[in-house]
Amino acid sequence: RVTIADVAKHAQVSMMTVSRVVNSRGQVSDAMKRRVLNAMDELGYKPNRIARSLVSNRTYKIGVIVPDMSSMFFASILASIEHILWKQDYYMVLSNTGKSERREQDILDVFEQDQVDGVIIFGAHLDREHLTNLLKNQRAAVVFNAEVDPRVAGQILLNQSDAIEMAVKHLVSVGRTHLGYIGLDRRTYAMRDRRQAFENAITRLSIDGWILNY
């Protein structure tokens, strides 16, 4: 197995310089970096990820949690996430909750124990308080369309209120006067937000409507 010492000798630099390039730490000139990278390519050097993690205090893994892995919606997003992570030399650890709060909690516990460098969560079913407490010990987290304390995790929310109102206004504009809303899982922030937006829209526009819970 080719070692850092072999690369350093081939590139005629110090082992510390090679280590800095491999772990992206410290100051290394562009010319020196190219020299080291060329030596790595020529020798077929592959960094030992375990040793690299010990040096950098990173695992180079990002945990991603989705409620339904079979969904085409999530398939498209997951492909994009993996593409970006791969370019940054990170790996995606994907978990599917099956919309189970218990599995969601267990997966977050495993990610914490494995010390992944970050967590991305889509459509969490846990409530705000529970989710916030579970994310406090993660290194970094981003939550998509779920409620969480913004001091603990980054939060991305869709503007569903405006979207629902646009849909209602469109139906009204083509002559519809009696509208129905079929809701899905009310445990998620997204579904609760959509239902509330529908109720607000028909009230504001004085339109007759009914709601059917899934």
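**Reading one chain: surface, spread and a first helix**

Visitor: How much area does the chain expose, and what share do carbon and sulfur atoms supply?

Guide: About 13200 Å² is exposed, with 52% of that coming from carbon and sulfur atoms (Shrake-Rupley areas, 1.4 Å probe, only the protein chains shown counting as cover for residues). Keep in mind that this is a predicted model, where local features need pLDDT of at least 70 and side-chain atom pairs count only at pLDDT 80 or more, while totals for chains, interfaces and linings use all residues. Residues are numbered from 1 along each chain as its sequence is written, and side-chain values use heavy atoms, leaving out hydrogens and water.

Visitor: How many helices and strands are there in the chain?

Guide: Nine helices and seven strands, taken as DSSP runs numbered from the N terminus (H or I, at least four residues; E, at least two). The chain's radius of gyration, over C-alpha atoms, is 24 Å, well over the 17 Å from the globule rule for 214 residues, so the chain is more spread out than a compact globule (the rule is 2.2 Å times the number of residues to the power 0.38). Its C-alpha trace spans about 80 × 35 × 30 Å along the principal axes.

Visitor: Which residues of helix α1 are buried?

Guide: In α1, residues 4-11, they are Val7, Ala8 and Ala11 (buried is under 20% relative accessible area, 1.4 Å probe, protein chains only). They fall within an arc of 100 degrees seen down the α1 axis, so they line one face (the arc uses directions from the axis to the C-beta atoms). An α-helix has 3.6 residues a turn, so residues three or four places apart point the same way.

Visitor: What covers the buried residues of α1?

Guide: The cover includes α2 (15-23) and α3 (30-43), contact meaning heavy atoms within 4.5 Å. Just after α1, Gln12 has a positive phi of about 60 degrees.

Notes:
Buried means under 20% relative accessible area, exposed over 50%, partly exposed in between (1.4 Å probe, protein chains only).
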